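This report looks at charged side chains and at how they pair. Please keep the sequence and the model in view while reading.

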Amino acid sequence: MANKLPQKCLRKKELKKIIANATNYSQRDIDKAINWILKLLMNTFKNNEGIRLRDFGTFKVINKEKRLWNSPKLMKIIEVPAIKKVVFRLSPKGRKILNEK
């Protein structure tokens, strides 16, 4: 399955360059900081905890129960296992900025 990202998507490499140009830190230091933050986020999600970033939004872990799914391609019922999923909700201030004209 191909990775379907939007046409314009800020990647980690580009983010490092932007931060490096705006600060006096090297890209190597910025890379360490970004990796540390991402590791912290993943460990928080792993513990079923959410993350609230004021004026940005909230990340929340939800548990999806196992379920049965009717596959039209295979013509049989498949059991889909239970999974954890992270959902994001943009803050009201973030929605306002997003929808400005």
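Does Lys-16 count as buried or exposed? In this predicted model, Lys-16 has a relative accessibility of 17% and counts as buried, because buried means under 20% relative accessible area. Lys-16 belongs to helix α1, which spans residues 12-22, and, when neighbours within four places in sequence are left aside, Lys-16 is in contact with Gln-27, Ile-30, Asp-31 and Ile-34.

A search of the whole structure finds 4 salt bridges, and the table lists three pairs, including one formed by Lys-16.

| Pair | Closest N and O atoms |
|---|---|
| Lys-12 and Asp-31 | 3.5 Å |
| Lys-16 and Asp-31 | 3.6 Å |
| Lys-93 and Asp-55 | 3.7 Å |

Asp-31 forms a salt bridge with Lys-12, and this pair links distant parts of the chain, with Asp-31 in helix α2 (residues 27-46) and Lys-12 in helix α1, 19 residues apart. Asp-31 is partly exposed at 23% relative accessibility, and Lys-12 is likewise partly exposed, at 36%. Asp-31 also forms a salt bridge with Lys-16; Lys-16 lies in helix α1 and Asp-31 in helix α2, so this pair ties together parts that are 15 residues apart in sequence. Lys-12, Lys-16 and Asp-31 are thus linked in a network of salt bridges.

Elsewhere, the side chains of Lys-93 and Asp-55 meet in a salt bridge, which links Lys-93 in helix α3 (residues 92-98) with Asp-55 in the loop between β1 (51-53) and β2 (57-64), 38 residues apart. Lys-93 is partly exposed, with a relative accessible area of 46%, and Asp-55 is partly exposed at 41%.

Terms used:
Residues are numbered from 1 along each chain as its sequence is written. This is a predicted model: local features need pLDDT of at least 70, side-chain atom pairs count only at pLDDT 80 or more; totals for chains, interfaces and linings use all residues. Side-chain values use heavy atoms; hydrogens and water are left out. Helices (H or I, at least four residues) and strands (E, at least two) are DSSP runs, numbered from the N terminus. Buried means under 20% relative accessible area, exposed over 50%, partly exposed in between (1.4 Å probe, protein chains only). Contact means heavy atoms within 4.5 Å.
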